[in-house]
Amino acid sequence: MNTVACYKVVPDEQDIVVKADGSLDLSRAKPIIGEYDLMAVEEAVRIADATGGSAVLLSAGDAKLTDSKLVKAALSRGASELYAVVDPALSAADAFQTATVLAAALEKIDYDLVLCGEGSADRYAQQVGVQLGELLGLPTVNAVSSIELDDGVAHVERTVGAVVERLDVPLPAVLSVVADMNTPRIPSMKDILGAGKKPSRVLSFEDVGFDGFDEAIDVVSTLAPEQRDRACEILEGDDDETIQAFAA
């Protein structure tokens, strides 16, 4: 079973500074692998270990993807190799543009299953996985909380509100997994050192047969929501009057 896990490099949110005018200062925010994508990476590695297959990583973005520390951080989590489609135009790509580039790259990779996180850690549009499946013409399911594989079929559980759906999805397929699906492993020093010896390939638009795209969205501004202090009233006692005041 050959599984591809897609991931995105995002600014570390703990280093983002909100300016007085509400704009975001990302200058000190180091690039990291999106936290929601780590579950997809972990699940791909688990599937590879259980089936004797491979776990491959795939990403699309600008030159930050080629940073050696980020490459090692990704491959140290158990995958066997990494593909990165790199182009300056991808620095601000929207969900459809990202999905289009990933779909082009996947035409060059042998896979049975593609896994995505439930959403990116920066925009969290939750659209790349479903659009990727549509572009590839494959069965696509999001909000997946469990995967079991059996003879060309993925038996998945999908949580929608208070309902748990159980679906049989023919392979190949694209699945987006939820954040609490698993607990990503913490790489050891041996894993990190070994990651530097694993194959990592940087691809251009030309390499994947992609002609580029036009700007689909014009971003006017990105502002943090206005912060407001919440009123806090403390009620003490267990008499009827206090209980009624609390209920009101």
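**Group meeting: a walk through the model, starting at helix H1**

Okay, let's start inside helix H1, where the buried residues are Asp37, Leu38, Met39, Ala40, Val41, Glu42, Glu43, Ala44, Val45, Ile47 and Ala48. Before I go on, please keep in mind that this is a predicted model.

So what does that list say about the helix? With 11 of its 15 residues buried, H1 is largely enclosed by the rest of the structure. And what does the covering? Among the elements over those buried residues are strand E1 (2-6), E5, strand E6 (54-61), strand E8 (113-117), strand E9 (140-150) and strand E12 (173-177). The helix length checks out too: at 1.5 Å a residue, residues 37-51 should span 21 Å, and the end C-alpha atoms are 21 Å apart, which agrees. Right after H1 comes Gly52, with a positive phi near 75°.

Let me zoom out for a second. The chain has six helices and 13 strands, and 39% of its 248 residues are buried. Along the principal axes, the C-alpha trace spans about 70 × 45 × 40 Å. If you take contacts between residues at least 6 apart in sequence, 73% of them join residues at least 24 apart. As for the outside, the accessible surface is about 14500 Å², and carbon and sulfur atoms account for 49% of that.

Now a charged residue you might want to look at: Asp12, in the loop between strand E2 (9-11) and strand E3 (17-18). Which opposite charge is nearest to Asp12? That would be the side chain of Lys30, 4.7 Å away; Asp12 is buried and has no salt bridge. The cut-off for a salt bridge is 4 Å, so that pair doesn't count. Still, Asp12 does touch Lys30, along with Ala29 and Ile32, leaving out residues up to four places away in sequence.

From there, on to the surface. Val18, Leu24 and Leu26 make a nonpolar patch there, with about 240 Å² of accessible area together. Leu26 is in the loop between strand E4 (24-25) and strand E5 (31-33), and at 41% relative accessible area it is partly exposed. Val18 is in strand E3. Setting aside neighbours within four places in sequence, Val18 contacts Ser23, Leu24 and Ala224. Its C-alpha is also 9.8 Å from that of Pro225, although the two are 207 residues apart in sequence.

Pro187 is another spot where distant parts of the chain meet up. Pro187 sits in the loop between E12 and helix H5 (189-195), and its C-alpha is 5.8 Å from that of Ser76, 111 residues away along the chain. Beyond residues up to four places away, Pro187 touches Ser76, Arg77 and Ile192.

Last stop, some backbone details. Where is the cis peptide bond? It joins Leu171 and Pro172, with omega about 5°, and Pro172 is in the loop between strand E11 (163-170) and E12.

Then there are two residues in the loop between E8 and helix H4 (128-136), Tyr124 and Gln126. Tyr124 has a positive phi near 50° without being a glycine, and Gln126, also not a glycine, has a positive phi of about 60°. Buried or exposed? Tyr124 counts as partly exposed at 34% relative accessibility, and Gln126 is partly exposed with 39%.

That's my tour, so over to you for questions.

Definitions and conventions. Residues are numbered from 1 along each chain as its sequence is written. This is a predicted model: local features need pLDDT of at least 70, side-chain atom pairs count only at pLDDT 80 or more; totals for chains, interfaces and linings use all residues. Side-chain values use heavy atoms; hydrogens and water are left out. Helices (H or I, at least four residues) and strands (E, at least two) are DSSP runs, numbered from the N terminus. Buried means under 20% relative accessible area, exposed over 50%, partly exposed in between (1.4 Å probe, protein chains only). Lys and Arg count as positive and Asp and Glu as negative; His and the chain ends are not counted. Contact means heavy atoms within 4.5 Å. Patches are made of residues with over 30% relative accessible area and no salt bridge: like charges are joined within 9 Å, nonpolar side chains (Val, Leu, Ile, Met, Phe, Trp, Tyr) within 5 Å. Accessible areas come from the Shrake-Rupley method with a 1.4 Å probe; for residues, only the protein chains shown count as cover. The expected span of a helix is 1.5 Å times one less than its number of residues.
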